[in-house]
Amino acid sequence: MVSAGFPSPADDYIDTNLDLNEHLIKHPAATFFVRVEGNSMVNAGVHSGDILIVDRSLEPADKKIIIAVINGELTVKRVRRHKDKLCLVPENDGFETITVTEEMDFQAWGVVTHVIHSV
Amino acid sequence: MENLFALIDCNNFYVSCERVFNPQYQGKAVVVLSNNDGCIIARSNEAKALGIAMGTPFFKCKDIINRYRVEVLSSNYALYGDMSRRVMNTLQQFTPSLEVYSIDEAFLSLTGAHDTSFSDYARTIKMTVRQWTGIPVSVGIGPTKVLAKIANKLAKRVETYGGIFDLTACKDIDVLLESLTVHELWGIGRQYASLLSRHGILTARQLKYADDGWIRKHLTVTGLRILWELRGISCIPLEEAPPPKKGIGSSRSFGRPVEALDELSEAVSSYISRAAEKLRAQCSLASVLHVYLGTNRFRQMPQYSNGITLTLSVPTSFTPHLIRYAKEGLKKIYKKGFQYQKAGVFLSGIVPQDQVQLGLFTRDRLTAGYKRALMDSIDGINRKWGKGTLQCASAGVKQTWGMRQEMKSKNFTTRWDELPVARAG
């Protein structure tokens with residue numbers, strides 16, 4: 001195409017559209033979406049019905065909010081590591097902290113990086 | 001430089017996919033059924049240990065399944081396809097030289113990799129795929145693709161190897177080859193295997209030292225390549241980009257026997273729609289269309305099957321045209337009074353979209369642009385809103401002949417309304 005007339009003064013400054021995937025997902029192959037059910041994490045801004053962006057490639061370090069498998073079920077909690085103890089801490093006073101024991105069937109499933117919450 | 005290949009194979013892939021999102025299946029006997037819930041096509045190790053064989057019809061092992069409370073699932077190809085893509089993308093960060101060999105296998109070229117130990121490298125690959133995708137894999141390493149495939153088999157077979165086996169670190173390969181029958185070799189089909197057995201070549205080791213001329217004569221150059229690969233001479237290269245498909249098929253077994261021509265036409269129209277969509281996705285047109293149908297060979301009932309091949313005057317990917325031809329073809333081969341179990345279509349004579357000679361006496365020249373635009377919008381809408389959102393009316397609205405998938409898990413990774421749920425309780 002040959003365009004006549006003056007070139008647009010913005011031509012040199014054109015950016016691509018902002019892409020939320022690019023902003024929120026660093027490792028696409030390892031990133032999954034998970035729906036929240038329950039209220040034990042409301043003080044961390046995680047509400048029932050929200051969608052969590054979960055990156056499995058990240059290490060479940062101390063204080064991260066993670067998806068864990070406990071007794072065959074996916075659950076969302078904040079992980080705390082005290083010396084040799086591993087705890088899953090809720091963010092709502094009405095719920096109990098879970099201390100992970102040897103007998104428990106526990107696995108870290110992924111690290112929550114963002115919450116998608118409708119307002 | 002010495003060639004080096006790794007074959008990465010996902011363990012019990014379909015079952016493993018299901019376990020990522022349904023962790024309660026971990027450690028339990030789980031099987032996945034084929035389309036239509038017909039046969040066992042994937043088994044967890046626990047199910048294998050119960051003696052449930054690959055390919056067994058579901059109804060034949062219902063007893064074991066009930067007795068041991070085996071979890072039974074219909075196949076969920078949307079999930080397996082998405083998880084496969086994730087596994088392959090994860091592997092791609094290790095090397096761009098990757099051949100996706102099947103939904104659950106990939107060859108990696110390690111040529112030029114200067115890791116101190118290939119086993120360590122394989123361990124890193126295995127752990128990364130497991131962490132990123134949740135899928136357990138086995139890794140086999142060898143100087144040729146055939147040997148990498150063998151190494152992978154050994155990695156799976158011998159528990160103490162921990163899912164990794166490096167054939168290049170092995171001092172006496174012949175001892176290992178002695179333990180494998182020719183049936184188990186990649187690229188040796190059942191017919192070749194029995195031909196070899198008849199001539200006293202039973203093990204991989206015997207094949208390795210067979211006479212080149214004899215093998216070439218009886219197993220063609222394909223067999224000769226396998227023999228050389230067994231000797232460690234790499235002659236099957238990595239195929240990084242598969243060539244465009246030479247033919248596109250779509251067929252299914254019906255959920256129940258179908259007798260009426262109307263219903264068969266619906267089914268065939270819907271297969272055409274799917275095949276045509278694939279055709280357009282690779283920017284090709286088809287010039288030959290094959291339609292077939294058949295009754296269930298395994299039942300005691302009147303049998304009939306037939307097929308017809310139609311050559312199209314102008315190559316096309318326009319669904320309504322293809323459907324019209326397919327229905328005409330179907331009418332010619334259809335016979336009343338049979339209980340049909342299966343129908344299918346196959347598009348071939350594939351040519352690139354932009355290399356087509358238009359028919360002299362067609363008006364296609366004028367309307368080709370409109371048709372392409374129409375199909376593009378339909379494909380776009382179906383991609384966005386899910387398969388079959390927009391379809392030709394002749395494909396039927398209810399599709400009562402459709403597949404049985406009574407125990408299918410959710411589309412955890414491809415549908416917003418079917419995401420896995422995490423309890424915050």
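This report describes chain A, its interface with chain B, and selected residues and salt bridges of a predicted model.

## Chain A

Chain A contains 1 helix and 7 strands. Read from the N terminus, its elements follow the order α-β-β-β-β-β-β-β. The chain has 119 residues, and 35% of them count as buried. Among the contacts in chain A with a separation of 6 or more, 52% join residues that are 24 or more positions apart. The surface that chain A exposes amounts to about 7,700 Å², and carbon and sulfur atoms supply 51% of that area.

## The interface between chain A and chain B

At the interface, 31 residues of chain A are in contact with 23 residues of chain B. About 2,400 Å² is buried between the two chains, with carbon and sulfur atoms giving 55% of this area. On the side of chain A, the residues that lose the most area to chain B are A:Ala29, A:Glu37 and A:Arg56, which together make up 25% of what that side buries.

Polar contacts also link the two chains: 23 residue pairs are counted between chain A and chain B, both residues having pLDDT 80 or more. Several strands of chain A take part, since β1, β3 (65-70), β4 (73-82) and β7 (106-116) each supply at least two residues of the side that touches chain B. The largest share, 7 residues, comes from β1(A). By residue class, this side of chain A divides into 16 nonpolar, 9 polar and 6 charged residues.

The rule finds 1 salt bridge across the interface of chain A and chain B. In this salt bridge, the side chains of A:Glu37 and B:Arg423 meet at 3.7 Å, N to O. The pair crosses between chains, with B:Arg423 in strand β14 of chain B and A:Glu37 in strand β1 (residues 31-37) of chain A. Are these two residues buried, partly exposed or exposed? B:Arg423 has a relative accessible area of 33%, so this residue is partly exposed. A:Glu37 has a value of 38% and is therefore also partly exposed.

A second point of contact involves A:Ser40, which is placed in the loop between β1 and β2 (51-55) of chain A. The relative accessibility of A:Ser40 is 0%, so this residue counts as buried. Residues of both chains touch A:Ser40: from chain A these are A:Val76, A:Lys77, A:Pro90, A:Glu91, A:Asn92 and A:Phe95, and from chain B they are B:Ala424 and B:Gly425, leaving aside residues up to four places away in sequence. A polar atom of the side chain of A:Ser40 lies 3.4 Å from the backbone nitrogen of B:Gly425.

## Salt bridges

Over all chains, a search of the whole structure finds 17 salt bridges. The table lists three of them.

| Residue pair | N to O distance |
|---|---|
| B:Arg423 and A:Glu37 | 3.7 Å |
| B:Asp82 and B:Arg86 | 2.9 Å |
| B:Asp174 and B:Lys208 | 2.8 Å |

The pair B:Asp82 and B:Arg86 belongs to a single element: both residues lie in helix α4 (residues 77-92) of chain B, 4 residues apart, about one turn of the helix. B:Asp82 counts as buried because its relative accessibility is 9%. B:Arg86 is likewise buried, with a relative accessible area of 6%.

What does the pair B:Asp174 and B:Lys208 tie together? B:Asp174 lies in helix α7 (residues 173-178) of chain B and B:Lys208 lies in helix α9 (residues 204-208) of chain B, so the pair ties together parts that are 34 residues apart in sequence. Both B:Asp174 and B:Lys208 are buried. These two residues also belong to a network of salt bridges that links B:Asp174, B:Glu178, B:Arg205 and B:Lys208.

## A loop residue of chain B

B:Met407 is found in the loop between α13 (364-385) and β14 (421-423) of chain B. With a relative accessible area of 27%, B:Met407 is partly exposed. How far apart are B:Met407 and B:Glu71 in sequence and in space? They are separated by 336 residues in sequence, whereas their C-alpha atoms are 9.7 Å apart in space. Not counting residues up to four places away in sequence, B:Met407 touches B:Leu33, B:Asp37, B:Val72, B:Leu73 and B:Ser74.

Note on methods. Residues numbered from 1 in each chain as written. Chains lettered and ligands numbered in written order. Predicted model: local features only at pLDDT ≥ 70, side-chain atom pairs only at ≥ 80, totals over all residues. Heavy atoms only, no water. Buried < 20%, exposed > 50% of the residue type's maximum accessible area, 1.4 Å probe, protein only. Contact = heavy atoms within 4.5 Å. Salt bridge = Lys/Arg side-chain N within 4 Å of Asp/Glu carboxyl O. Areas by Shrake-Rupley, 256 points an atom, 1.4 Å probe, with all protein chains shown as cover. Buried area = accessible area lost by both parts, 1.4 Å probe. Polar contact = N/O pair within 3.5 Å; in protein donor to acceptor, adjacent residues only side chain to side chain. Nonpolar A, V, L, I, M, F, W, Y, C, P; charged D, E, K, R; others polar.
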